[in-house]
Amino acid sequence: WALVLSGFAIVASAAIGIAGYRLQRQVASIAKEKRLEEVEARLRADIGARLDPPGRPDYLVLSVTGATRARDVVVEVEPASILFESEPTAFPSLGPNQDVRLHVAITSDDFPVGAPAIVRVNLRWRDGLGLQAKEFILPL
């Protein structure tokens, strides 16, 4: 019996060792993914868009979030007629937590009869992860 018990103990010990090794690999893999996500977050810039104040807006506000700068930012607005001609539509660089206010003048003439009163904003920029793009459909 002692030999059988010894053999069982060796098999059980090996199984526990293998399970521990697999668990250790899983923990290491999760830690690696988390580090990659943290690095990616430090390289990412995100830009949001909103009309301000709501209802009868005077401004299109671009808000930069994330830990890095948004570079080569391009703004396209439809209908284009709502932006004042003097307002820029390209920015070489916008910093984290920076808001940019673009003056707008919205009238009923900007929208065809029966069409929804929405402003479409397309944004393109570069950050540490490469070229990014986002589209917003902003109701009035």
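1. A salt bridge here is a side-chain nitrogen of Lys or Arg within 4 Å of a carboxyl oxygen of Asp or Glu. Arg120 makes such a bridge with Glu135, and their closest N and O atoms are 3.2 Å apart. The two residues belong to distant parts of the chain: Arg120 sits in strand β6 and Glu135 in strand β7 (residues 130–139), with their positions 15 residues apart in sequence. Strands (E, at least two residues) are DSSP runs, numbered from the N terminus.

2. The model is predicted, so local features need pLDDT of at least 70 and side-chain atom pairs count only at pLDDT 80 or more, while totals for chains, interfaces and linings use all residues. Residues are numbered from 1 along each chain as its sequence is written, and side-chain values use heavy atoms, with hydrogens and water left out.

3. How many salt bridges does the rule give? The count is six. As general background, side chains of opposite charge can pair when their charged atoms come close. The points below take up some of these pairs.

4. Arg120 also meets Glu78 in a salt bridge, at 3.9 Å from N to O. This pair again links distant parts of the chain, with Arg120 in strand β6 and Glu78 in strand β3, 42 residues apart. Glu78, Arg120 and Glu135 are thus to be read together, as they are linked in a network of salt bridges.

5. On accessibility, buried means under 20% relative accessible area, exposed over 50%, and partly exposed in between (1.4 Å probe, protein chains only). Arg120 is partly exposed, at 28%. Glu78 is partly exposed with a relative accessible area of 45%, and Glu135 is partly exposed at 44%.

6. Another salt bridge pairs Asp72 with Arg126, where the closest N and O atoms are 3.9 Å apart. Asp72 lies in strand β3 (residues 70–78) and Arg126 in strand β6 (residues 118–127), so this pair ties together parts that are 54 residues apart in sequence. Asp72 is partly exposed, with a relative accessible area of 45%. Arg126 is partly exposed as well, at 38% relative accessibility.

7. Some backbone angles deserve a check against the model. Most residues other than glycine have a negative phi, and most peptide bonds are trans. Asp72 is not a glycine, yet its phi is positive, at about 50°; the residue is placed in strand β3. Asn97, also not a glycine, has a positive phi of about 60°. Asn97 is found in the loop between β4 and β5 (99–103), and at 67% relative accessibility Asn97 counts as exposed.

8. Which residues are joined by a cis peptide bond? Asp52 and Pro53 are joined in this way, with omega about -10°. Pro53 is in the loop between β1 (45–52) and β2 (59–66). A cis peptide bond also joins Glu78 and Pro79, with omega about 0°. Pro79 is in the loop between β3 and β4 (90–94). Glu78 therefore appears twice in this note: its peptide bond to Pro79 is cis, and its side chain belongs to the salt-bridge network with Arg120 and Glu135, where Glu78 is partly exposed at 45%.

Key
Helix = DSSP H or I, 4+ residues; strand = E, 2+ residues; numbered from the N terminus.
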